[in-house]
Amino acid sequence: MEFIDEAIEEYSRLFTDKPSDLLQSLDRETHARILQPRMLSGHLQGRYLSMLSKLISPQLIVEIGTYTGYSALCLAEGLKPTGKLITIDINEELESFTRSFFDRSEYAKQIDYRIADAQQELTSVEGPIDLVFIDADKRNYAKYFDLIISKMRPGGLILVDNVLWSGKIVDPKATDKSTNALRDFNQKCLEDPRVEKMLLPLRDGLYMLRVI
Ligand SMILES: C[S@@+](CC[C@H](N)C(=O)[O-])C[C@H]1O[C@@H](n2cnc3c(N)ncnc32)[C@H](O)[C@@H]1O
């Protein structure tokens with residue numbers, strides 16, 4: 001399901017800053033060479049992540065689900081000069097492709113790319129975390145949230161991607177495990193008094209959770 005009319009989306013892209021040459025190249029190469037390129041955040045969401053990160057000016061960003069690194073490079077644009085971005089992905093087959101783009105970026109020294117299962121890796125990440133982007137396996141979103149919430153800086157931001165799941169979230173006929181897990185996750189966040197919440201219908205749905 002497309003949430004926004006294609007012409008409106010195209011107009012929005014026209015009136016939004018273009019991604020860097022490196023990001024445009026990463027987008028093209030991912031579509032040409034890597035399976036499931038739809039997973040890449042893309043132009044509009046990427047610029048949104050970059051702008052939020054610049055507003056926060058984070059010292060520590062944690063990303064769960066690197067894929068080919070598009071969102072990581074967007075989020076890194078807002079890092080403090082001494083800041084660090086930890087990005088975790090379980091898929092070692094993407095490592096050399098993704099690392100080659102990180103290495104060519106001006107943020108190369110600030111990006112700590114880890115090939116690991118996020119649940120295990122997150123236990124060793126120390127806070128305070130200023131900004132989190134959860135964008136991995138949907139069925140474990142609640143576990144990721146539980147693992148990071150106590151490490152967040154008060155006022156920090158947790159962003160969660162795909163929470164509308166191509167519209168399946170509101171389709172009563174959709175009862176697969178990922179859809180149900182996302183419904184439970186969204187409900188859990190709604191009921192959690194530790195976060196302010198805003199579900200933004202950008203792309204596939206971005207849940208914005210500000211830690212109180
Ligand atoms: C939607 S993609 C991430 C897209 C990326 N954030 C972007 O916007 O360009 C999801 C990624 O999560 C990774 N993933 C799935 N299960 C994982 C796990 N248990 N631990 C770490 N990464 C996982 C997948 O390998 C995949 O690359």
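**Strands, sheet and ligand shell**

Reader: Which residue in strand 7 is the bridge partner of D161?
Author: The bridge partner of D161 in strand 7 is L206. Strand 5 (residues 152-161) and strand 7 (residues 206-211) run antiparallel and are joined by five bridges. Strands here are DSSP runs of E with at least two residues, helices are runs of H or I with at least four, and both are numbered from the N terminus. The name asked for is thus L206.

Reader: What pLDDT do local features need in this model?
Author: Residues are numbered from 1 along each chain as its sequence is written. The model is predicted: totals for chains, interfaces and linings use all residues, side-chain atom pairs count only at pLDDT 80 or more, and local features need pLDDT of at least 70.

Reader: In what order do the seven strands of the open sheet lie?
Author: Two strands pair if DSSP finds at least two bridges between them. The pairing in this sheet is mixed, and the seven strands form an open sheet in the order 3-2-1-4-5-7-6.

Reader: Which are the edge strands?
Author: An edge strand of this sheet pairs on one side only. The two are strand 3 (111-115) and strand 6 (195-200).

Reader: Which residue in strand 4 stands opposite I64?
Author: Strand 1 and strand 4 (residues 129-134) run parallel and are joined by four bridges. Opposite I64 in strand 4 stands I134.

Reader: Which residue in strand 2 is the bridge partner of L60?
Author: Strand 1 and strand 2 pair in the parallel sense over five bridges. In strand 2, L60 has as its bridge partner K84.

Reader: Which residues of strand 1 point the other way from L60, V62 and I64?
Author: In a regular strand the side chains alternate between the two faces of the sheet. Five of the five residues of strand 1 (residues 60-64) are buried, that is, 20 or more other C-beta atoms lie within 10 Å of their own, with C-beta atoms placed from the backbone. L60, V62 and I64 point one way, and the other way point I61 and E63.

Reader: Which elements give two or more residues to the shell around the ligand?
Author: Of the 16 residues around the ligand, S41, G65, Y67, S71 and A118 come nearest; a residue is near if its C-beta atom, placed from the backbone, lies within 6 Å. Two or more residues come from each of helix 4 (70-76) and strand 2 (84-89).

Terms used
A residue is buried if 20 or more other C-beta atoms lie within 10 Å of its own, exposed if 12 or fewer, and partly exposed in between; C-beta atoms are placed from the backbone.
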